[in-house]
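Work through the exercises below with the sequence and model at hand. Each task is followed by its solution in steps.

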Amino acid sequence: MPAHHSLHVALTAELCRFVERLVASGHYQSSSEVVRAGLRLLERAEALPPKLPVYQPPIATSGQSDVQPQG
């Protein structure tokens, strides 16, 4: 097992309650385990290539569509 290092982390009250709920659910044994799981997810997300921007067509502002009916 790897060496353990301590790190003090300040969380908002909302995040503290979230961590406490996860531990109380029994899915995690400790708050440290919750934080490690979250950091592993963040590590994976950071390793992904950036998403390409999605094309958003301009919105018609005159109240009419640029698309003309065919026929």
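**Exercise 1: a surface patch**

Leu7, Val9, Leu11, Leu15 and Phe18 make up a nonpolar surface patch with about 490 Å² of accessible area together. Patch members have over 30% relative accessible area and no salt bridge, and nonpolar side chains (Val, Leu, Ile, Met, Phe, Trp, Tyr) are joined within 5 Å. A salt bridge is a side-chain nitrogen of Lys or Arg within 4 Å of a carboxyl oxygen of Asp or Glu. Areas follow the Shrake-Rupley method with a 1.4 Å probe, and for residues only the protein chains shown count as cover.

The model is predicted: local features need pLDDT of at least 70, side-chain atom pairs pLDDT 80 or more, while totals for chains, interfaces and linings use all residues. Residues are numbered from 1 along each chain as its sequence is written, and side-chain values use heavy atoms, without hydrogens and water.

**Exercise 2: Leu15**

Task: place Leu15 in its helix and class its exposure.

Step 1. Leu15 lies in helix 1 (residues 13-24). Helices are DSSP runs (H or I, at least four residues), numbered from the N terminus.

Step 2. Leu15 is partly exposed because its relative accessible area is 42%, between the limits for buried (under 20%) and exposed (over 50%).

Step 3. After helix 1 comes Gly26, with a positive phi near 90°.

**Exercise 3: the chain**

Task: state what percentage of the residues of the chain count as buried.

Step 1. The chain has 71 residues, and 6% of them count as buried.

Step 2. Its accessible surface is about 7,300 Å², with 59% belonging to carbon and sulfur atoms.

Conventions
Patches are made of residues with over 30% relative accessible area and no salt bridge: like charges are joined within 9 Å, nonpolar side chains (Val, Leu, Ile, Met, Phe, Trp, Tyr) within 5 Å. Helices (H or I, at least four residues) and strands (E, at least two) are DSSP runs, numbered from the N terminus. Buried means under 20% relative accessible area, exposed over 50%, partly exposed in between (1.4 Å probe, protein chains only).
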